[in-house]
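Got your viewer open? Here is a short walk through the model, one selection at a time.

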Amino acid sequence: MKTTEEIFTILKNNFGDAMLELVTSQPVEHFIKVNPIEINKVCLFLRENEELLFDSLMNLSGVDDANGKKSADTDGTQIISGGTLSVFYHLESTKLHHKITLKVSTEREKPEVASVESTWRHADWHEREAYDLLGIIFLNHPDLRRILMPYDWEAGYPLRKDYKNPEFYLGMKVPY
Amino acid sequence: MSITIEKNKLEHKTGFRTEEMVLNMGPQHPSTHGVLRLELELEGEIITNAIPHIGYLHRCFEKHAEAMNYSQVIPYTDRMDYLASMYNEFGYAIAVEKLLGIQVPERVEYIRVIMGELQRIASHLVALGTYAVDIGAFTPFLFCFRDREKILSLFEQTCGARLLYNYIWVGGLSHDLHPDFVNQTNEFIKYFRPKIKELNDLLTKNKIFIDRTANVGVLPLDVAINYGISGPNLRGSGFKWDIRKNDSYSVYNKFDFDIPVGEGLMGKVGDCWDRYYVRILEMEESLKIIEQAVNNLPEGDVASAIPKRIKPPVGQVYSRVENPRGELGYFIISDGSINPFRVKVKGPSFVHLGVLNEILKGHMIADVIAILGSIDIVLGEVDR
């Protein structure tokens, strides 16, 4: 069993400082911040390295950080420009029983993250869900379609903090 | 059994042109246990590709949760996996308590475990009963629902609701147990033990049932782990992995129980029959836990640790519990206000449905129902 700090040291020795950062300011969970384009390389290393063997992805969650410039729209709702969207990866080794949390942040205007689908097939549907609800583009994902919302949904991504409920769906008025 | 047909050979032999057919199964199909549509690509009767289409019950629970305070989220968690509501609340309460950093009284933990395990039996009874119906045996279904009814009555007498409880709160419970609960639960355990044997005689060792399920839908272990499968489905593939033991929470480490795994008694390890049988064995283990908990129940006040105002510090937590279907994870981010900033649920049914295509390929179309029933999904949680 290894702690987040020890795993961070191993990663740093292999990848250098440029794309990694250890965050320990949070009270419950520490996590490692990774460059969004390099995430799959890091994950593949975490899975294959003899000392780490992270064979299981527990969870993958997209988050809208809502840390951009906020302004009010004409109808009173919020508009957010700039800032970041994030993805959290919770990994676990079923053989060595340690856990780790990774985080990547990507620009809200061009949210691109490398897909980890080729490392853990489990990520497939979770990435589709993050794309569907937050609009995060997972590069190299084989089948990035909407999954929970209708395929023809045009009103944007519901879990973004500045999402507006559409008045019409396919020309039909939606009552609330 | 997987069968592959060489297309050209068939065409040559019969003189008929063959072509691929696409068949829609669902959204309204009795064996999908909800609204799920499977797009099956068929080569004769053999499935070459199966694409699940989900989202028919999507109400974006996660968006709702952002607009409410922490305790108002609990009734919504009930409605995800409506066959295991107690356990959804249990998982959510544990996650928020971790964020708050509070300890709950021991009596509360014990009652939560009792309720959770009763819920596990109730949920497995539905899974096994409806599975039997899917395969074509109607009687076990009635037997299972008769016994589940007794558990639901226990719940009803405790908190007033039969399906969606809002019973387990952050830091405590909504009500204490009623005075006769321990008695009634002991009676239920005494009543239910022989019924498991009855179910075994009726269904588990039935020749037709074994023919339909053994060696069908084999899920190899490495595939299962790669796809994030958990719960009875993972244990059916022969892996001794249970979060109650491997990453123990609440007071589970105080009880003595086993983790049953699939051994391939009727066919290969990880087939439908194994997944089915693990659930039968698990009910027995749950009874053991309930028996130990209910007879060692500590005294105390169940409402003493309920916080007046839930306002966790800035931070995030991923917390998971062993739901009747598998690993139920809550990822909660707090921004220091009274509403959660983000709640993400990792539902076991959602994850298990993802592996369906992998298992179905190469099977006959009649096996779809046997396989889909054996992975036991609840669409309310798949779509959230």
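## Stop 1: chain B as a whole

Colour chain B by burial to begin with: 50% of its 384 residues count as buried. Keep in mind throughout that this is a predicted model.

Now switch to a cartoon view of chain B, where you'll find 16 helices and 10 strands. Its radius of gyration is 22 Å, close to the 21 Å that the globule rule gives for 384 residues, so chain B is as compact as a globular protein of that length. If you'd like a feel for the proportions, the C-alpha trace of chain B spans about 80 × 50 × 35 Å along its principal axes. And if you draw the contacts in chain B between residues at least 6 apart in sequence, 71% of them join residues at least 24 apart.

## Stop 2: α5 and α6

Select residues 106–135 of chain B, which is helix α5, and add residues 139–159, helix α6. How do these two pack? The angle is about 160 degrees, with the axes 8 Å apart. Since angles over 145 degrees count as roughly antiparallel, that is what α5(B) and α6(B) are to each other. Their crossing is left-handed.

Turn on side chains here. From α5(B), look for residues including B:Leu118, B:Ile121, B:Leu125 and B:Val133; they belong to the set that meets α6(B), where the partners include B:Phe141, B:Phe145, B:Ile151 and B:Leu152. Colour this contact by class and you get 15 nonpolar, two polar and two charged residues. Among the residues taking part are B:Asp147 and B:Arg148, both in α6(B).

## Stop 3: α5 again, now with α12

Keep α5(B) and swap α6(B) for helix α12, residues 272–295 of chain B. This pair packs at about 155 degrees, with axes 9 Å apart, which makes α5(B) roughly antiparallel to α12(B). Here, too, the crossing is left-handed.

For side chains, try B:Tyr110, B:Val113, B:Ile114 and B:Tyr131 among those on α5(B), and B:Tyr276, B:Met283, B:Ile289 and B:Ala293 among those on α12(B). The class count for this contact is 15 nonpolar, two polar and four charged residues. Leave B:Leu118 and B:Ile121 lit up: they take part in the contact with α12(B) and are also among the residues that meet α6(B).

## Stop 4: α12 and α7

Stay on α12(B) and add helix α7, residues 181–204 of chain B. Which way do they run relative to each other? They pack at about 165 degrees, with their axes 10 Å apart, and α7(B) and α12(B) are therefore roughly antiparallel. Once more you're looking at a left-handed crossing.

On the α7(B) side, pick out B:Ile189, B:Phe192, B:Arg193 and B:Ile196, among others; α12(B) answers with residues including B:Tyr277, B:Glu284, B:Leu287 and B:Glu291. This contact divides into 11 nonpolar, four polar and three charged residues. B:Met283 is worth a click, as it sits in the set that meets α7(B) and also in the contact with α5(B).

## Stop 5: over to chain A

Last, bring chain A back into view. How many residues are in contact between the chains? There are 25 on chain A and 29 on chain B. On the chain A side, select β3 (56–64), β6 (84–92) and α3 (123–134), the elements that each give two or more residues. The largest share, six residues, comes from β3(A). By class, the chain A side has 13 nonpolar, eight polar and four charged residues.

Conventions
Residues numbered from 1 in each chain as written. Chains lettered and ligands numbered in written order. Predicted model: local features only at pLDDT ≥ 70, side-chain atom pairs only at ≥ 80, totals over all residues. Helix = DSSP H or I, 4+ residues; strand = E, 2+ residues; numbered from the N terminus. Rg over C-alpha atoms; globule rule 2.2 N^0.38 Å. Buried ≥ 20, exposed ≤ 12 C-beta atoms within 10 Å, placed from the backbone. Contact = placed C-beta atoms within 7 Å. Axes fitted to C-alpha atoms, helices over the stretch in contact; angles between N-to-C directions. Parallel < 35°, antiparallel > 145°, perpendicular 65-115°, else oblique. Left-handed = near helix turned anticlockwise from the far one by under 90°. Nonpolar A, V, L, I, M, F, W, Y, C, P; charged D, E, K, R; others polar.
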